[in-house]
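Trainee: Could you take one part of this structure for a close look, and then work outward from there? I would like one connected account, not a list.

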Amino acid sequence: MKNHWKCWKCSSLAGLFLLMLFCLAMPLSAAAAPAATINGKEYASMQDAVANVQDGQTIVLQKNITESITAGRSVKFTINLNKKTWTGKGSYVALYAKSGTITIKNGKMAGNGGVIWVDGKKAKVTVSSGTYTSAKGSLLYNSQGTLLLKNGTFKAAQNVLVNYGTGKTTIYKGTYTSSSKGGNYSVIAVEDGTVSIKGGTINGNGGALGVTGKNASVTAEGGTFTSKGTLIYNSAGTVLIKDGTYKASENILMNCGTGKTTIYRGKFTGTSADYALTYNKDKAKLRIAGGSFSGKFKTVGKTKICLGIYREGGTVTIDGGKLNGKKIVVTKAPSR
């Protein structure tokens, strides 16, 4: 009996020891894994990491997270998404930037109500790579800071970018796509502020560029713009087109209200004879100083209509450019 007790005791101790080794060897559970690290130090949430990051440091995302945070410190840092996905909580953006210089790269950000909102005079956000999507609303907002879009893939149910207030946005490269139809959902919506487009591919169902604020200023120096609707709509701001490729199923440009548009260079192609290449009305001012305009005309009765440079109102000045290889002549908007 005594020997049996000793054997049972020894086997129990050995089993307990093996169990301890097994537990120590087990990896941390998903719940215990850190959301992010800075120089190897673990943080339970992205908000904690942003609250502690210092100048020049990089926050590395360690797992897929659902979190909406505020960055409000004057710190320069990088967020490496690390091929993970950061999703905004509910209808809130994932990152609300009030201050700081932030670079985001190498992963995915998603949300229903957008992913990034730049809303501080001292806030500067640079997106250098990655995929950014909004399932229901617009994707990016800039109301009073600096937003630099160096590269990446951007997809939105509504506007990809809403620029307003005193926001300054520059687009260098990347692909920007809006799936919504209708003029209210241009890929780039400029209600006010400044937008500079230097390149990239901008595709829209409801337009590529919509400018609606009297203090809005847009300069397009390059890029490829396509739309199944009217491509560029300017009702109040200033638009300078210095280069690029523009292709639309409806009007390439609708210049109306008090909009001021100047075209220096670029290639403009219409794909439907039912719409004008450019259409000017109200008190809008259009100047064409260069560029190549092309498309087929449609004959209604004895009149060739559409795919020309049409003026219903406002001012149209032509001092350059070609329409189907010939000198551009402004035509009074035809009645149908």
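**A loop residue and what lies beyond**

Mentor: D282 sits in the loop that runs between strands β30 (278-280) and β31 (285-288). Bear in mind that the model is predicted. The backbone at D282 has a phi near 60 degrees, a positive value in a residue that is not glycine. D282 has a relative accessible area of 46%, so it counts as partly exposed, a class that lies between the limits of 20% and 50%.

N324 can be read alongside it. N324 is placed in the loop between β37 (322-323) and β38. Its phi is near 50 degrees, again a positive value in a residue other than glycine. With a relative accessible area of 37%, N324 is partly exposed.

N324 also leads to the largest pocket, because its name appears in the lining: F297, G308, I309, Y310, L323, N324, K326, K327, V329 and T331. The space in this pocket is about 200 Å³. By type, the lining residues divide into five nonpolar, three polar and two charged. Strands β35 (309-311) and β38 (326-327) each supply at least two residues of the lining.

For a contrast in burial, go to T170, which lies in strand β16 (residues 168-171). T170 has 15% relative accessibility and therefore counts as buried, the limit for that class being under 20%. If neighbours within four places in sequence are left aside, the contacts of T170 are L147, L148, L149, S196 and K198.

The aromatic rings come next. A pair of rings is described by the distance of the centres and the angle of the planes. The protein has seven aromatic pairs. One of them is Y132 with F154, a stacked pair with 5.2 Å centre to centre and 15 degrees between the planes. Y132 belongs to strand β11 (residues 131-134) and F154 to strand β14 (residues 153-156), so the pair ties together parts that are 22 residues apart in sequence. Y132 has 0% relative accessibility and so counts as buried. F154 is buried too, with a relative accessible area of 0%.

F154 has a further partner in Y176: their ring centres are 4.7 Å apart and their planes are at 0 degrees, so this pair is stacked. The pair links distant parts of the chain, with F154 in strand β14 and Y176 in strand β17 (residues 175-178), 22 residues apart. F154 and Y176 are both buried. F154 thus takes part in a pair with Y132 and in a pair with Y176.

Elsewhere, F225, Y246, F268 and F293 form one aromatic cluster. A ring can also have a charge over it: K150 lies over the face of Y172, at 5.9 Å from the ring centre.

Last, the whole chain. The secondary structure comes to two helices and 39 strands. Of the 336 residues in the protein, 47% are buried; T170 is one of the residues that count as buried. Among the contacts with a separation of 6 or more, 43% are between residues 24 or more positions apart. To return to the loop where we began, D282 is partly exposed and has a positive phi.

Methods:
Residues are numbered from 1 along each chain as its sequence is written. This is a predicted model: local features need pLDDT of at least 70, side-chain atom pairs count only at pLDDT 80 or more; totals for chains, interfaces and linings use all residues. Side-chain values use heavy atoms; hydrogens and water are left out. Rings of Phe, Tyr and Trp (its six-membered ring) pair if their centres lie within 6.5 Å; planes under 30 degrees apart count as stacked, over 60 as edge-to-face and the rest as tilted. Helices (H or I, at least four residues) and strands (E, at least two) are DSSP runs, numbered from the N terminus. Buried means under 20% relative accessible area, exposed over 50%, partly exposed in between (1.4 Å probe, protein chains only). A charge sits over a ring if NZ of Lys or CZ of Arg is within 6 Å of the ring centre and within 35 degrees of the ring normal. On a 1 Å grid over the protein atoms alone, a cavity is a set of points where a 1.4 Å probe fits but cannot get out, and a pocket is an open set with protein on both sides within 12 Å along at least five of seven lines; lining residues have an atom within 4 Å of a point. Grid points are joined across faces, edges and corners, and a volume is the space filled by probe spheres set on the points. Ala, Val, Leu, Ile, Met, Phe, Trp, Tyr, Cys and Pro count as nonpolar, Asp, Glu, Lys and Arg as charged, and the others, Gly among them, as polar. Contact means heavy atoms within 4.5 Å.
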